[in-house]
Amino acid sequence: MAWRGQLSKNLKELRVLFCQTSEASSSTRAFVEKNYKELKKANPKLPILIRECSGTEPQLWARYHMGVERGIRLEGMTETQISKALEDLVKAGASLKS
């Protein structure tokens, strides 16, 4: 999981959106609860924004160099799948830099 320490090198900002109460957002909420501290500790200067909005679908957004953004809908994903989606976004950021 060395990629977790690469967030701040490949991303300019990470945003997680989810609903505070919906079942569709439950695994995203659990992912944030279990991983936020570790991600922030490994990337202290990276803005990791958590947006809890009533009725919104769970999403993960990465902003890269030059304002490029990529997002992934997380509805129906497990915590493991969300972690893999984040890893893919981080790796995509590395390829955008070259």
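Arg15 lies in strand β1. The model in which this residue is placed is a predicted one, and β1 is a convenient point from which to read it. Arg15 has a relative accessibility of 16% and therefore counts as buried, since the limit for that class is under 20%. The C-alpha atom of Arg15 is separated by 4.6 Å from that of Leu49, although the two residues stand 34 positions apart along the chain.

The strand around Arg15 shares this covered setting. β1 comprises residues 13-18, and 6 of its 6 residues are buried, so that the strand is described as mostly covered under the limit of 20% relative accessible area. In a regular strand the side chains alternate between the two faces of the sheet. In β1, Glu13, Arg15 and Leu17 point one way, while Leu14, Val16 and Phe18 point the other way. The residues of both sets are buried.

β1 has partners in two other strands. With β3, which spans residues 59-63, β1 pairs in the antiparallel sense over 5 bridges. Within this pairing, Glu13 has Arg63 as its bridge partner in β3, and Leu14 stands opposite Ala62. With β2, which spans residues 48-52, β1 pairs in the parallel sense, again over 5 bridges. Here Leu14 has Ile48 as its bridge partner in β2, and Phe18 stands opposite Glu52. Between β1 and β2 the chain passes through helix α2, residues 26-42, and the resulting β-α-β crossover is right-handed. Leu14 thus has a counterpart in β3, namely Ala62, and another in β2, namely Ile48.

The pairing continues from β3 to a further strand. β3 and β4 run antiparallel and are joined by 5 bridges. Ala62, which stands opposite Leu14 of β1, also stands opposite Arg70 in β4. The hairpin formed by β3 and β4 has 5 residues between the strands. Met66 is located in this loop, ahead of β4 at residues 69-73. Its backbone calls for attention: Met66 has a positive phi of about 65°, although it is not a glycine. Met66 is classed as exposed because its relative accessible area is 73%, where the class requires over 50%.

The interior may be considered next. A search of the whole structure finds 1 cavity of 30 Å³ or more, and the largest cavity holds about 50 Å³ of space. Its lining consists of Leu14, Val16, Phe31, Val32, Tyr36, Leu39, Ile48, Ile50 and Leu86. The elements that contribute two or more residues to this lining are β1, α2 and β2. Of the elements, α2 gives the most, with 4 residues. By residue class, the lining divides into 9 nonpolar residues, with no polar and no charged ones. Two of the lining residues, Leu14 and Val16, belong to the set in β1 that points the other way from Glu13, Arg15 and Leu17. The lining also includes Ile48, the bridge partner of Leu14 in β2.

The cysteines raise a separate matter. The count of disulfides comes to 0. For Cys19, the closest cysteine sulfur is that of Cys53, at 8.7 Å; a disulfide requires the two sulfur atoms to be within 2.5 Å, and the distance is therefore too far for a bond. The same separation applies when the pair is considered from Cys53, whose closest cysteine sulfur is in Cys19 at 8.7 Å. The surroundings of the two residues may be set side by side: Cys19 counts as buried, because its relative accessibility is 3%, whereas Cys53 is partly exposed, with a relative accessible area of 35%.

One residue from the start of the chain completes the account. Trp3 lies in the segment before α1, the helix at residues 7-10. Its relative accessibility is 11%, and Trp3 therefore counts as buried. Trp3 and Glu38 are 35 residues apart in sequence, and their C-alpha atoms are 12 Å apart in space.

Notes: Residues are numbered from 1 along each chain as its sequence is written. This is a predicted model: local features need pLDDT of at least 70, side-chain atom pairs count only at pLDDT 80 or more; totals for chains, interfaces and linings use all residues. Side-chain values use heavy atoms; hydrogens and water are left out. Buried means under 20% relative accessible area, exposed over 50%, partly exposed in between (1.4 Å probe, protein chains only). Two strands pair if DSSP finds at least two bridges between them. A crossover is right-handed if, with the strands pointing away from the viewer, the path from the first strand over the helix to the second runs clockwise. On a 1 Å grid over the protein atoms alone, a cavity is a set of points where a 1.4 Å probe fits but cannot get out, and a pocket is an open set with protein on both sides within 12 Å along at least five of seven lines; lining residues have an atom within 4 Å of a point. Grid points are joined across faces, edges and corners, and a volume is the space filled by probe spheres set on the points. Ala, Val, Leu, Ile, Met, Phe, Trp, Tyr, Cys and Pro count as nonpolar, Asp, Glu, Lys and Arg as charged, and the others, Gly among them, as polar.
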